Amino acid sequence: MSALLKPFRVVRTHWKKSTFFAIAATYGSYYFHDKYQSNLIRRELCEEAMKYGAETMTVTEKPRKVLVILNPAAKKGKARKLFQANAAPILHLAGISTEIFEYHQYLMTKCIMCINLAHTT
């Protein structure tokens with residue numbers, strides 16, 4: 001019986017430990033709730049993209065393409081990894097081919113946009 005009551009005595013007598021445990025448990029619950037919500041949103045978007053990707057294209061229609069311009073310094077250098085984990089699967093399910101361009105200088109994006117605008121018109 002004393003083995004069952006021992007953790008409760010520790011929490012009661014050591015307020016620092018109990019405060020730390022409460023804060024850690026609260027943080028952990030918010031973290032896992034956020035992960036769960038983002039997975040639900042990602043699943044809904046994937047199902048919607050599958051419907052869009054299942055549509056047939058006519059012969060005269062242009063293929064769906066997207067140029068993704070990534071900043072390698074964004075999100076502490078994790079922009080490419082985040083794109084590959086979150087957006088790329090949804091675009092693939094929608095039947096959209098992606099071309100990824102990482103720029104290293106600000107002026108490079110202006111040049112790429114000018115080149116792409118010249119090719120589309």
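Helices in these legends are DSSP runs of H or I that hold at least four residues, strands are runs of E that hold at least two, and both are numbered from the N terminus. The model shown is predicted.

**View 1. The whole chain and the order of its elements.** The secondary structure of the chain comes to four helices and two strands, and a reader who follows the sequence meets them in the pattern α-α-β-α-β-α. The radius of gyration of the chain is 25 Å, whereas a compact globule of 121 residues would have a value near 14 Å. Taken along the principal axes, the box that the C-alpha atoms of the chain fill is roughly 80 × 40 × 15 Å. Of the 121 residues, 14% count as buried, and among the contacts in the chain with a separation of 6 or more, 67% are made by residues 24 or more positions apart.

**View 2. The surface of the chain and its charged side chains.** The accessible surface of the chain comes to about 10500 Å², and carbon and sulfur atoms account for 64% of this area. The chain carries 18 positive and 8 negative side chains, and a distance of 19 Å lies between the centres of the two sets.

**View 3. An aromatic cluster formed by Tyr27, Tyr31 and Phe32.** The chain has two aromatic pairs, with ring centres within 6.5 Å as the criterion for a pair. One of them joins tyrosine 27 and tyrosine 31, whose ring centres are 6.5 Å apart and whose planes meet at 20°, an arrangement classed as stacked. Both tyrosine 27 and tyrosine 31 belong to helix H2, which covers residues 15–53, and they are four residues apart, about one turn of the helix. The rings of tyrosine 31 and phenylalanine 32 form an edge-to-face pair, because their planes stand at 75° with the centres 5.3 Å apart, and the label edge-to-face applies to planes over 60 degrees apart. Tyrosine 27 is exposed at a relative accessible area of 59%, and phenylalanine 32 is likewise exposed at 58%. Tyrosine 31, at 39% relative accessibility, counts as partly exposed, because that class lies between the limit of under 20% for buried residues and the limit of over 50% for exposed ones.

**View 4. Lysine 75 and lysine 76 in the loop between S1 and H3.** This close-up shows the stretch that leads from strand S1 (65–70) to helix H3 (79–93), where lysine 75 has its place. Lysine 75 is not a glycine, and yet its phi is positive, at about 55°. Lysine 76 is found in the loop between S1 and H3 as well, and its phi, near 55°, is again a positive value in a residue other than glycine. Lysine 75 is exposed, with a relative accessible area of 62%, and lysine 76 counts as exposed at 81% relative accessibility.

**View 5. Leucine 91 in helix H3 and the residues that it touches.** Leucine 91 lies in helix H3. When residues up to four places away in sequence are not counted, leucine 91 touches Phe83, Ile96 and Thr98. Valine 66 is 25 residues away from leucine 91 along the chain, and the C-alpha atoms of these two residues are separated by 8.9 Å.

**View 6. Alanine 22 and histidine 33, two residues of helix H2.** Alanine 22 is found in helix H2, and with a relative accessible area of 40% it is partly exposed. Glutamine 105 is 83 residues from alanine 22 along the chain, and a distance of 46 Å separates the C-alpha atoms of the two. Histidine 33 also lies in helix H2, and histidine 33 is partly exposed, with a relative accessible area of 47%. From histidine 33 to tyrosine 103 the separation is 70 residues in sequence and 35 Å in space, taken C-alpha to C-alpha.

Technical notes. Residues numbered from 1 in each chain as written. Heavy atoms only, no water. Rg over C-alpha atoms; globule rule 2.2 N^0.38 Å. Buried < 20%, exposed > 50% of the residue type's maximum accessible area, 1.4 Å probe, protein only. Contact = heavy atoms within 4.5 Å. Areas by Shrake-Rupley, 256 points an atom, 1.4 Å probe, with all protein chains shown as cover. Lys, Arg positive; Asp, Glu negative; His and termini not counted. Charge placed at Lys NZ, Arg CZ, Asp CG, Glu CD. Phe/Tyr/Trp six-rings, centres within 6.5 Å; stacked < 30°, edge-to-face > 60°.
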